[in-house]
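Visitor: I should like a close look at a single part of this model. Please describe one residue in its setting, and then the surrounding architecture to which it leads.

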Amino acid sequence: MEAEKEIRREKYVADISSIREAEVRIKSFIHKTPVLSSESLNAVSGRQLFFKCECFQKGGAFKFRGACNAVFSLDNDEAAKGVVTHSSGNHAAALSLAAKLRGIPAYIVIPNGAPKCKVENVMRYGGQVIWSEATMQSRESVASKVLQETGAVLVHPYNDGRIISGQGTMSLEFLEQAPQIDTLIVPISGGGLISGVALAAKSINPSIRVLAAEPRGADDAAQSKAAGRIITLPETNTVADGLRAFLGDFTWPIVRDLVEDIITVEDNEIIEAMKLCYEILKVVVEPSGAIGLAAVLSDSFKNNPALKNCSNIGIILSGGNVDLGRLWDSYRK
């Protein structure tokens with residue numbers, strides 16, 4: 001019950017009530033994504049694994065949940081001027097699609113070098129692309145300029161209660177589909193996904209474990225947990241392009257309090273997990289989406305005595321928007 005008490009004691013930017021409200025708000029727009037399992041992967045891991053396939057979500061990733069909740073939370077006057085965000089891909093596409101469904105403009109700041117397939121998704125959904133440099137400072141500066149020029153509403157990719165609440169709807173589905181789950185492994189970057197998932201899951205089952213999976217080349221969250229404060233990195237280096245952001249002031253307290261541990265993995269482990277998803281699950285996932293499986297199969301997970309009782313593990317395949325050119329290059333390395 002300690003986790004439940006913690007949730008009550010700390011006032012977070014989202015909670016189970018806002019997540020359930022989001023569920024009602026977005027239900028008619030999102031896909032209820034399937035849960036897959038594989039006896040072959042159970043044998044390899046030595047655990048029972050359950051895969052929540054958000055790669056089948058609209059827009060190809062979980063991000064549509066939060067974006068849809070944010071867009072449909074706006075009153076008519078706010079919505080009329082549109083929405084703006086900065087994103088390397090999946091949130092950008094998700095917000096573009098949500099805005100299209102509501103019939104409002106979406107101004108999307110995208111850093112140079114973003115995966116081609118994700119930029120194409122933004123354009124396909126009618127988002128207006130504005131380019132920036134790859135640094136967070138440039139992304140935020142360009143987005144601020146667009147805000148001033150348009151009067152649009154900023155919808156941050158992760159550091160936003162509406163986004164966190166939308167992402168949390170995944171837990172409501174997942175634990176209904178596979179109630180035996182005792183552990184969740186969630187990709188972590190800015191923390192929007194894992195914050196929503198943890199808040200919902202811990203409210204439903206206070207004893208459930210929530211673990212994060214993070215690339216070793218972008219391990220700011222693991223360093224933050226160890227230091228007890230937000231750590232940012234001068235640069236990141238990982239094939240998982242969706243996991244290069246840093247924790248925000250809204251997501252950090254939730255990660256700090258409700259995420260038990262962060263498992264870091266190398267890029268070669270992520271790529272191997274992608275191959276297993278393709279070959280065994282027959283599911284297309286991007287590197288960021290495969291990292292949960294990579295974490296379960298890692299030596300650091302298998303050899304951690306604190307995790308030996310993690311028997312029924314829920315893994316979120318967070319997205320399937322793969323730049324195939326880069327993918328083949330990764331395989332050849």
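Guide: In this predicted model, T238 has a relative accessibility of 5% and therefore counts as buried, the cut-off being under 20%. T238 is placed in the loop that runs between α11 and α12. Leaving aside residues up to four places away in sequence, T238 is in contact with P215, A218, R244, D267 and I270. As for its distance from another part of the chain, the C-alpha atom of T238 lies 20 Å from that of S132, a residue 106 places away along the chain.

Two of the residues that T238 touches, D267 and I270, lead to the next element, helix α13, which spans residues 267-281. Helix α13 packs on helix α14 (residues 287-297) with the axes 7 Å apart and at an angle of about 100 degrees. The two helices are therefore roughly perpendicular to each other. On the side of α13, the contact is made by E269, I270, A273, M274, L276 and C277; α14 contributes P287, A290, I291, L293, A294 and L297. By character, these residues comprise eleven nonpolar and one charged, with no polar residue. In soluble globular proteins, nonpolar side chains tend to be buried together.

P215, another residue touched by T238, belongs to strand β8 (209-215). This leads to the largest nonpolar core, which has 35 residues. Within that core, the residues with the most contacts are I181, L184, I188, I194 and L199. At least two residues each are supplied by α9 (161-177), β7 (183-187), α10 (192-204), β8 (209-215), α11 (220-227) and α12 (251-258). The largest share, seven residues, comes from α10. The loop that holds T238 thus runs between two of the contributing helices, α11 and α12.

L184 shows how such a core residue is surrounded. Not counting residues up to four places away in sequence, L184 touches S171, F174, V197, A201, I208, R209, V210, L211 and G314. A second, separate core has 33 residues, among them L49, I185, I263 and A290. A290 is also one of the α14 residues in contact with α13.

For the wider setting, an unreviewed UniProt entry lists residues 28-319 as "domain: Tryptophan synthase beta chain-like PALP". Over residues 28-319, the chain is 47% helix and 16% strand, and the end C-alpha atoms are 20 Å apart.

Technical notes. Residues are numbered from 1 along each chain as its sequence is written. This is a predicted model: local features need pLDDT of at least 70, side-chain atom pairs count only at pLDDT 80 or more; totals for chains, interfaces and linings use all residues. Side-chain values use heavy atoms; hydrogens and water are left out. A nonpolar core is a set of buried Ala, Val, Leu, Ile, Met, Phe, Trp, Tyr and Cys residues joined through side-chain atoms within 4.5 Å. Buried means under 20% relative accessible area, exposed over 50%, partly exposed in between (1.4 Å probe, protein chains only). Helices (H or I, at least four residues) and strands (E, at least two) are DSSP runs, numbered from the N terminus. Contact means heavy atoms within 4.5 Å. UniProt positions are given in the numbering used here, feature names are shortened, and annotations may be inferred rather than shown by experiment. Axes are lines fitted to C-alpha atoms, for helices over the stretch in contact, and angles run from 0 to 180 degrees between N-to-C directions. Angles under 35 degrees count as roughly parallel, over 145 as roughly antiparallel, 65 to 115 as roughly perpendicular and the rest as oblique. Ala, Val, Leu, Ile, Met, Phe, Trp, Tyr, Cys and Pro count as nonpolar, Asp, Glu, Lys and Arg as charged, and the others, Gly among them, as polar.
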